[in-house]
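The following exchange asks how certain structural labels are justified. Each reply sets a computed value against the criterion behind the label.

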Amino acid sequence: MKKIVLIGPVYPYKGGIAHYTSLLYRALVKKYDVEIISYKMQYPKFLFKKEQRDYSNDMFQIDNTRFLIHTANPFNIIEVGRMINKQKADMVIMQWWHPYFAPCYRILTAILGKKVKKLFICHNVFPHERFPADRQLTKMTLKKGDCYIVQSKQDEEDLKAIMKNPVYKRTVHPTYNAFRVEGISKEQARKRINLRVEENVMLFFGFVREYKGLKHLINAMPIVKEKIPNIKLLIVGDFGNDKQQYLDLMAENKVENVISIYEGYIPDKEVEKYFAACDLVVLPYESATQSGIVQIAYGFEKPVIVTNVGGLPDVVTDGRTGYVVEAGNATAIADAVVDFFEKQKAEKFSEGVREEAYRFSWERMTEIIGDMMK
């Protein structure tokens, strides 16, 4: 049986990449001997001031995780690299999403040397919020890998822009189906968050950031409110410091009465009720590589509206699993919402999501990694 060392954040670290690493481990371990190594220090507090861990949500816990890597301590990284070398792994898989990890992974890959195949799974080749030197840091790190997995056309182009003839596979982001824990019905979910059964419910989920385009969805709501009875938009997530600008925009559009805000970080065990309660998930992003929110929605067989940016059109089949609309266009978003509810497309689109399930499966990701190990 081939040996894999999987490196990345896992429980109790928060966020989509921690979920991803855990689910990838659960898929790989069915076929390979897998050791999972995480960070004993992921980000220094002066760079990431919010709490990085959430011990209350253990549904993604991997019992045998070894928390070894201190990302800012080169002596520690060298020690971990030497320990991995002693295991004679066939492949080391590293999660890549931000150039902060460049020094850590540069040291680690240098210690690993050429005997083990090094695979970077690129969640973003470049970070969402660019900064000086991010391109150079990314290039000098990723070039030390042997092969790559990218999950969007944008990341494919970015990888090719910094490397000549990289060995890579492009695939779609697998589905986050692990959030469907209780299997509660739409009616049960709506009762828990005080929604009426007859309401037509949209969901915007996740950290609210400028590039996620929530303002365009709010600007679309007057048209939606006029044409669709009993409409309700749920905004669920952490606003950071700019909540007031969104409240002002709601007031300006006179749509406060059809929008409900559930503010703050949503624990993993609380995710299910929001996705189970909604009819449609909306991602009005101005920019993106890919998004785990689409994959959570698909885990609940919910259709989505996305914009034509980054890798989002790669994972949404327009007219089959949802809609792909022009970015920054509130009217286009409104038209898609109205079409969905007026033509009662919920079941048709949910069937489309079910029919494409294999393309988004972790089994498919395991097959791709197996091919790259050869």
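The questions below take up the sheets, the helix packing, the cysteines and some backbone features in turn.

The model is predicted, with local features requiring pLDDT of at least 70 and side-chain atom pairs counting only at pLDDT 80 or more, while totals for chains, interfaces and linings use all residues. Residues are numbered from 1 along each chain as its sequence is written, and side-chain values use heavy atoms, with hydrogens and water left out.

Q: What makes β5 and β6 paired strands?
A: Strands are DSSP runs of E of at least two residues, and helices are runs of H or I of at least four, both numbered from the N terminus. Two strands pair if DSSP finds at least two bridges between them. Strand β5 (residues 117-122) and strand β6 (residues 147-150) share 4 bridges in the parallel sense, so the criterion of at least two is met. Within this pairing, C122 stands opposite V150 in β6.

Q: What is the strand order of the open sheet of 7 strands, and why do β3 and β7 stand at the edges?
A: The order is β3-β2-β1-β4-β5-β6-β7, with parallel pairing. β3 (66-70) and β7 (168-170) each have a single partner strand, so one side of each lacks a neighbour in the sheet. From one strand to the next, the twist averages 25 degrees.

Q: Which strands does helix α2 touch?
A: Contact means heavy atoms within 4.5 Å. Helix α2 (residues 74-86) touches β1 (3-7), β2 (33-41), β3 and β4 (91-96), and its direction makes about 135 degrees with that of β3. Such angles run from 0 to 180 degrees between N-to-C directions, and the axes are lines fitted to C-alpha atoms, for helices over the stretch in contact. Helix α3 (residues 102-112) lies across β1, β2, β3, β4 and β5, at about 170 degrees to β4.

Q: How do α2 and α3 meet, and which residues are involved?
A: Their axes come within 8 Å and cross at roughly 35 degrees. P74, I77, I78, G81, R82, I84 and N85 in α2 meet C104, I107, L108, I111 and L112 in α3. These residues divide into 9 nonpolar, 2 polar and 1 charged, where Ala, Val, Leu, Ile, Met, Phe, Trp, Tyr, Cys and Pro count as nonpolar, Asp, Glu, Lys and Arg as charged, and the others, Gly among them, as polar.

Q: Why is C104 not assigned to a disulfide?
A: A disulfide is a pair of cysteine sulfur atoms within 2.5 Å. The closest cysteine sulfur to that of C104 is in C122, at 15 Å, which is too far for a bond. For C122 the closest is in C147, at 10 Å, also too far. The search of the whole structure accordingly finds 0 disulfides.

Q: Are C104 and C122 buried or exposed?
A: Buried means under 20% relative accessible area, exposed over 50%, and partly exposed in between (1.4 Å probe, protein chains only). C104, at 1%, therefore counts as buried, and C122, at 0%, counts as buried as well.

Q: Why is A133 called partly exposed?
A: Its relative accessibility is 49%, so A133 lies in the interval between the two limits. A133 is in the loop between β5 and α4 (134-142) and has a positive phi of about 80 degrees although it is not a glycine. N230, in the loop between α7 (214-227) and β9 (231-237), has a positive phi of about 55 degrees and is likewise not a glycine. At 36% relative accessibility, N230 counts as partly exposed.

Q: Which residues does a cis peptide bond join?
A: The bond joins Y11 and P12, with omega about 15 degrees. P12 is in the loop between β1 and α1 (16-28).

Q: What makes A18 a buried residue?
A: A18 has a relative accessible area of 2%, so the residue counts as buried. A18 lies in helix α1 and touches P9, V10 and Y13, not counting residues up to four places away in sequence.

Q: How do you know which strands stand at the edges of the open sheet of 6 strands?
A: The order is β10-β9-β8-β11-β12-β13, with parallel pairing. β10 (259-263) and β13 (322-325) each have a single partner strand, so they stand at the edges. β9 and β10 pair over 5 bridges, and I235 has I261 in β10 as its bridge partner.
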